[in-house]
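Here are some short exercises to work through with the structure open beside you. Try each task on your own before you read its solution.

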Amino acid sequence: MLVAQGQFRVLKVPLGFIKALQWFFAIFAFSTCGSYSGMFKMSVECKNRTESDLSIEVEFEYPFRLHQVYFDAPTCKNRETERCFLIGDYSSSAEFFVTIGVFAFLYSTAALSIYVFFFEKYKENNKGPLIDLGVTAVFAFMWLVSSAAWAKGLSDVKTATDPDEVITLISACDMEWNRCREVHDPVMSGLNTSVAFGFINLILWVGNLWFVFKETGIIAPFMRAPPPQDKAAAAPEAYGQQAGYEQDPYASNQGGYQPDYNQQQGYNQDAEYGQGYGQQGAPTSFSNQM
């Protein structure tokens, strides 16, 4: 029933269309970051080949508490191994970014529902647009902060998970007769996409500020046209002046007198009748009749 009564045409105007884009890109932002898991491989080739490990796999995932991620590497001494931990904790920037994305998604869902089903109540007393404007401004700022923080955090994650950097944590790789190298780099394309979606969301929320601001009506007094009664009052004046200018030639040439065209037509008929009567031999004057 609500779907049948919904005003889906609001999605065709910038206010609703941009809100739909915000909903869409918020999903991509937090999902590409929050669902990430990566892996890289290294190999340690000892002088004694029997002690080597040519496939050391290291897995890590969101929220990137890398100091808790460890792997076992050979020491190249009596078949012993050592446990190595990655360096860094980048969970704060990652979790902050995902949190903003989730809340932006939830707010966009609520705002779209109000636009579609309760748009008239939304515009009552401008309370809805004013609240919408304030929340939109807050989210625009939060997207700026979270995207910038996560971009820096991602840069640090890439450094901490670079196999060339991780190899330096293995003591056996400090010996010249042992050979350590990377086998497989972690795939970071998903995390790069999450940062891109973060800044796209920033652009969308900043751009939507103008369209929400227009709904508040604050700018209406500055864009209002002149009152219609002034035009209506000025129109008769202009018409009267124009009519006066058109009547001046008649007033100057005829002394203000305008002939009655019906009366003039009667005079013409009498003149024609008199002329016809004179041609038939009728007396034209009293002295001739005498």
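**Exercise 1.** In this predicted model, work out how the axes of helix α2 and helix α5 are arranged relative to each other.

*Solution.* Start by finding the two helices: α2 covers residues 14-34 and α5 covers residues 127-160. Next, look at their axes, which come within 14 Å and cross at roughly 30°. Angles under 35 degrees count as roughly parallel, so α2 and α5 are roughly parallel to each other. Finally, add the hand: the crossing of α2 and α5 is left-handed.

**Exercise 2.** Find which residues make the contact between α2 and α5, then sort them into nonpolar, polar and charged.

*Solution.* First list the α2 side, which contributes K19, A26, A29 and C33. Then turn to α5, where D132, T136, W143 and W150 take part. Sorting the residues of this contact gives 5 nonpolar, 1 polar and 2 charged.

**Exercise 3.** Describe the open sheet: what is the order of its strands, and how do they pair?

*Solution.* Step one is the order, β2-β1-β5, for a sheet of 3 strands with antiparallel pairing. Step two is the edges: β2 (53-61) and β5 (179-184) each have a single partner strand, so one side of each lacks a neighbour in the sheet. Step three is the twist, as neighbouring strands here are turned by 25° against each other on average, direction ignored.

**Exercise 4.** How many bridges join β1 to β2, and which residue of β2 is the bridge partner of S37?

*Solution.* Strand β1 spans residues 37-45, and 7 bridges join β1 to β2, the two running antiparallel. Now pick out S37: its bridge partner in β2 is E61.

Terms used: Residues numbered from 1 in each chain as written. Predicted model: local features only at pLDDT ≥ 70, side-chain atom pairs only at ≥ 80, totals over all residues. Heavy atoms only, no water. Pairing = 2+ DSSP bridges. Helix = DSSP H or I, 4+ residues; strand = E, 2+ residues; numbered from the N terminus. Axes fitted to C-alpha atoms, helices over the stretch in contact; angles between N-to-C directions. Parallel < 35°, antiparallel > 145°, perpendicular 65-115°, else oblique. Left-handed = near helix turned anticlockwise from the far one by under 90°. Contact = heavy atoms within 4.5 Å. Nonpolar A, V, L, I, M, F, W, Y, C, P; charged D, E, K, R; others polar.
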